[in-house]
Amino acid sequence: MKNKIDRRQFVQSTAAIGAGLFVAPEVLSATASTAKKADINVALIGAGIEGQVLFDAASTIGRKSGIKFKAVCDIWDFKRKKFAKTLKKYKRAGYNNAAYVDYREMLDKEKDNLDAVIIATPDCFHAEHTNACLEAGLHVYCEKEMSNTIEGAKSMVLTARKTGKLLQIGHQRRSNPKYIFAKENIIDKSYTTKKVIDPKTRKPKKDPKTGKDLLIDSTLLGRITTINGQWNRSVSACKDLVAPAGTAIPQATLTKYGFKSMKHFMNWRWYKGLGGGPIVDLGSHQIDIYSWFLGEAKPKSVMASGGVDYWKGHEWYDNVMAVFEFDTEAGPVRAFYQTLTTSSSGGYYEKFMAEHGALEISEDPRFFNVGRDMKVVHGKENPITKIMNVPQWNPWIDGGIITPVPQPKKSKKKGVMDVRSSPLLLPNTIHATMDVPYHQPHLINFFDAIRDSKVKLNCPAEVGYHTAVMVLKVNEAVEARKTLEFKPEDFHV
Ligand SMILES: NC(=O)c1ccc[n+]([C@@H]2O[C@H](COP(=O)([O-])OP(=O)(O)OC[C@H]3O[C@@H](n4cnc5c(N)ncnc54)[C@H](O)[C@@H]3O)[C@@H](O)[C@H]2O)c1
């Protein structure tokens, strides 16, 4: 059939997108071996929970990947010593366990032996640490949120530009094969064209230039009009963290780094001047996807409601609901986002609702659903639907992009739900690529970009900056209790 898609071609084209890599396990090891040509020496600043996650993801890319951790910096003796012990275990693989309290001392002593630094400190230090590493001539992978202030994020963009060094921001969904696949094949790519029918005459409209029937591209979902997303966490998952007995940092050290107490240090996300609360911590990942899937669209406004409803003693809002308005080329899009720390109901996902159906996607590997609207055909094309120009999903199914799930039979019994949309699932080819740590594809993209200038970062400084502008404004809107406008220049650096 005309629009039939070769499944292999799809997978290959997806593989080539941005990530520079397709993360099927066999390809991962192939890349790891091509990568052998040069080692990349890395240091870690911030050996907390996420620092450990990134270390695990980077050090399991493959034995031949050439990624070698050489040093760690952390102000907390407990974490620094623990991490240095881990590094020692890998000595035979070329790792070093040099450990520093002060990043400046680490850069002075180690920079000539380093290529890159991974930064996983609290958000308030990202700008200071990133700028110093870039200025020292090193590439940087810096965790999200890029910074807790617009000025901090802006300074990072400017330093990356000035030094010409790579700066990847840790919005790792941008390298996730499932997200790349969905963006390219479900949101963006058109496999069919359809005639534009005049609603009055029910006849095809003519192209005024050629006089022929006017044809438009038809993507699987059609025009996105609404987005809905959330990250809800249970009360038990959001309790304050407590340091293990005997590991407290002396108060003088805490004060030097801007922490009022151990509680403040452990739970920095909740306090002004250190983090941005759950909307920044969790929401930034997903609001970043809103913009990406809308073709890097920037919102024109945001309204939001939130408060310290439950977690007394915190400074940042525990439950937040926000609505962004985007003006895209295809028309307006309203995008709702919610983060709760008092209920995990519904988990975390992003949902793109459009003319022909909806895509529900999440970093949670269990989530992927393409729901078809009732007017959309994915069975045999019939003459009536053809005449009426009903959207056809057959090309995507024939091409192996989505796999229909058998419908439960309609029940004639009263009161039983009448199912009018059917889930269409991700093909197994993509499932097979997802069996790697979440952050690994993003790290691989960073390392590949260091080795090969043709590989582009999936979340460079400018993209991280746009997300920071969107997300930090939500907290402002909560405080102002009104709709705040974005100006185009807010997104320029
Ligand atoms: N991409 C993701 O999915 C993801 C997930 C979790 C966290 N993060 C991000 O990673 C970063 C770290 O988060 P976390 O959960 O690991 O926090 P954490 O509190 O567990 O770890 C932070 C570490 O940084 C150290 N530190 C604090 N100030 C320092 C300084 N001035 N110099 C050197 N070390 C310092 C602390 O001692 C601690 O070990 C944050 O920016 C967070 O937003 C990203």
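These questions and answers go through a predicted model of a single chain.

Reader: Over which residues does pLDDT stay under 50?
Author: The chain as a whole has a mean pLDDT of 88, and 88% of its residues reach 70 or more. One stretch stays under 50, although the model has 74 contacts for it beyond four places in sequence. Where pLDDT is low, the predicted coordinates should not be read in detail. The stretch is residues 1–36.

Reader: Which strands stand at the edges of the open sheet?
Author: The sheet has 10 strands with mixed pairing, in the order β16-β17-β15-β14-β13-β9-β12-β11-β10-β18. An edge strand here has a single partner, so one side of it is left without a neighbour in the sheet. The strands at the edges are β16 (403–404) and β18 (484–485).

Reader: Which residue in β11 stands opposite P299?
Author: Strand β10 covers residues 299–307 and strand β11 covers residues 319–328. The two run antiparallel and are joined by 8 bridges. Opposite P299 in β11 stands F326.

Reader: At about what angle does helix α12 run to β12?
Author: Helix α12 (residues 283–293) packs on the sheet and touches β9, β11, β12 and β13. Helix α8 (residues 177–188) lies across β13, β14 and β15, at about 170° to β14. For α12 and β12, the angle between directions is about 165°.

Reader: Where does the largest nonpolar core lie with respect to domain 1 and domain 2?
Author: This core has 118 residues, and those with the most contacts inside it are A43, L44, V117, V140 and V474. Helix α17 (residues 461–480) gives the most to the core, with 11 residues. Domain 1 (38–165) and domain 2 (224–434 + 461–491) both give residues to the core, so it lies between them.

Reader: Is A116 buried or exposed?
Author: A116 is in strand β4 (residues 116–119). Beyond four places in sequence, A116 touches I40, V42, L138, H139, V140, Y141 and I450. A count of 20 or more C-beta neighbours within 10 Å is needed for burial. A116 has 20 inside that distance, so A116 counts as buried.

Reader: How far apart in space are A116 and A43, C-alpha to C-alpha?
Author: Leaving aside neighbours within four places, A43 is in contact with K70, A71, V72, C73, M106, E110, L114 and V117. A116 and A43 are 73 residues apart in sequence. In space, their C-alpha atoms are separated by 6.6 Å.

Methods:
Residues are numbered from 1 along each chain as its sequence is written. This is a predicted model: local features need pLDDT of at least 70, side-chain atom pairs count only at pLDDT 80 or more; totals for chains, interfaces and linings use all residues. pLDDT is the predictor's confidence in each residue, from 0 to 100. Two residues are in contact if their C-beta atoms, placed from the backbone, lie within 7 Å. Two strands pair if DSSP finds at least two bridges between them. Helices (H or I, at least four residues) and strands (E, at least two) are DSSP runs, numbered from the N terminus. Axes are lines fitted to C-alpha atoms, for helices over the stretch in contact, and angles run from 0 to 180 degrees between N-to-C directions. A nonpolar core is a set of buried Ala, Val, Leu, Ile, Met, Phe, Trp, Tyr and Cys residues joined through C-beta atoms within 7 Å. A residue is buried if 20 or more other C-beta atoms lie within 10 Å of its own, exposed if 12 or fewer, and partly exposed in between; C-beta atoms are placed from the backbone. Domain bounds come from an automatic or database domain assignment.
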